[in-house]
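Grab a pencil and have a go at these short exercises. Try each task before you read its solution.

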Amino acid sequence: MKYTQGKFIIAEKSAIARNIYSFTISCPEVAAVTSPGQFVHIRANGFTLRRPISICGIDKAKGTIRIVFEIRGEGTSAIAELNKGDLIDMLAPLGHGFTVKPDAERVVLIGGGIGTPPMLPLAQAYGEKATVISGFRNAAAVILQDDFRKTGADVIICTDDGSTGYHGLVTAPFDGILNRDKIDAVYACGPMPMLKSVAAVCKEKGIFCEISLEERMACGIGACLGCACKTKRNDEEYFAHVCKDGPVFNAEEVIW
Amino acid sequence: MADLSVNICGVDFKNPIIPASGVFGYGREYEELFPLSKLGGIATKGTTRHLRTGNLSPRIAETPSGMLNSVGLQNPGIEHFVSTELPNLLTKDLVVLANIAGSTPDECAETAAMLNDTDVHMIELNISCPNVKQGGAAFGTDCGMAAEVTKKVREATNKPLVVKLSPNVTSITDIAKAVEAAGADAVSLINTLLGMRIDINTGRPILRNNVGGLSGPAVFPVAVRMVWQVANAVNIPVIGMGGVSSGRDAIELMMAGASAVQVGAAIFTDPFAPVKIIDEMNEFLDSKGIASVKDIIGTVKPW
């Protein structure tokens, strides 16, 4: 099985920041085949289109996955109204995830805002080999940092207003690490300008870099071709699809 | 267990439910979820003479009870379809409607001709795509052009020819009669209704193409009305579509005059929608003691 669709029980729900919710969902058959970087496509009651949400935790032993999402509009608002014990309708797991490199000795994971959740399964895979840089608007918007610390990773927080951690963009501490250490791989998810600058730095230094993109999506499995993303493979431009070819792409393939 | 089989233009369908063109690709992605043999047929992704890259993103927007799309006929071209996708589909025990489109009548005819040496069951000619600058809807909104492209394709193919009509017209019955006279064996309707959404925070249209095709439950009553009007205006079979999301909807569209029903946006909400719709139709017919789904086609009793 690559993916399935069904209704699964929400085992835990918590609000972890303003308008940001965490669901742990009991779905052994999904958890068994999920890898870091994949996403779930959730039905929002009363809406035609499902909402793609990245996977923030995979516990194959307990048969659960965790998602952390922000209320962005009416659809995510409807999903946030679900409670512990309710059924959540998911098409999952979907997409092409991150490449975990067993021989990498030092990696950097960069998450911006609601782009931080998909970095957590990667941090678990890399443990002490990882430095996790997370950027947020302010201290109140900070999420998941205790979870990242538990993986053994080095954790760096940046905020736009300096209310906690570094005052400024994730790129400043990132540059510092690149100047100090030999980095084997970089992974990033967050706002496009952030991804673009991370990708440019990695290209310049010849570092393997994967980024996770988002796009408005319909089917979620590569049939409708709705979520196009301009990429380059073998020197030819073509529209890849975020749901099937992504959401994770090698940064050098993406045409910004 | 009611008899769900229908026959359109001499082609037998085991049931009247067909995933609509554009939502279902060439079937591969949904085969992961259920066997395609459960379906009556498949209308393939709109395919053109040559590869098309499609429109820039965003191509998708949510709307009240529906959605907009402006994919712009991204497809790998008819040669890839014939060599790679069609042979796979022909092993799946369902009717294959090859949906084709083009920028000119000659291009449509050339694309259709490339299916002559294949075992594809039917051709669905899209003269109504709202998302491409040339061809597409331009053919479908003018009786003369609709007839011309139908005639050219008719001359190029011996396959049963279904012409897919646009609802973005003053009189869909005039277009339907024009393509019937030009040699269409059946018509399918409705394609999407042209729509638009604007992000009021940025002042930009949500779709990169500015406008796109509206589908989903919001368009269902328009589909019922147009299927009813067209079924009463032509003597060829009508394949109905537009916002069907339940077995009851499919029954309603068949009562309006459809001989088969395509399912589109509902598949995005629930990928198992076509299979559930087949089961629900069967339950409805059994509950009414109707032996065959054919017995409900066009049975609406208008006031």
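**Exercise 1: size of chain A**

Work out whether the radius of gyration of chain A agrees with that of a compact globule.

Solution. Bear in mind that this is a predicted model. Start with the length: chain A has 256 residues, so a compact globule would have a radius of gyration near 18 Å. Next, take the value for chain A, which is 17 Å, and the two agree. For the outline, the C-alpha atoms fill a box of roughly 50 × 45 × 35 Å along the principal axes. As for the inside, 51% of the residues of chain A count as buried.

**Exercise 2: where chain A touches chain B**

Find which strands of chain A each supply at least two residues of the side that touches chain B.

Solution. First, count the contacts: 26 residues of chain A meet 28 residues of chain B. Then look at the strands: β13 (228–233) and β14 (236–241) of chain A each give at least two residues to that side. Finally, sort the side of chain A by class, and you get 16 nonpolar, five polar and five charged residues.

**Exercise 3: two positive phi values**

C9(B) has a phi near 55°, and L73(B) has one near 60°. Decide for each: buried or partly exposed?

Solution. Place C9(B) first: it sits in the loop between β1 (6–8) and β2 (11–13) of chain B. C9(B) has 16 other C-beta atoms within 10 Å, so it is partly exposed. Now L73(B), in the loop between β6 (66–69) and α2 (78–89) of chain B. L73(B) has 24 other C-beta atoms within 10 Å, so it is buried.

Technical notes:
Residues are numbered from 1 along each chain as its sequence is written. Chains are lettered from A and ligands numbered from 1 in the order in which they are written. This is a predicted model: local features need pLDDT of at least 70, side-chain atom pairs count only at pLDDT 80 or more; totals for chains, interfaces and linings use all residues. The radius of gyration is taken over C-alpha atoms; the globule rule is 2.2 Å times the number of residues to the power 0.38. A residue is buried if 20 or more other C-beta atoms lie within 10 Å of its own, exposed if 12 or fewer, and partly exposed in between; C-beta atoms are placed from the backbone. Two residues are in contact if their C-beta atoms, placed from the backbone, lie within 7 Å. Helices (H or I, at least four residues) and strands (E, at least two) are DSSP runs, numbered from the N terminus. Ala, Val, Leu, Ile, Met, Phe, Trp, Tyr, Cys and Pro count as nonpolar, Asp, Glu, Lys and Arg as charged, and the others, Gly among them, as polar.
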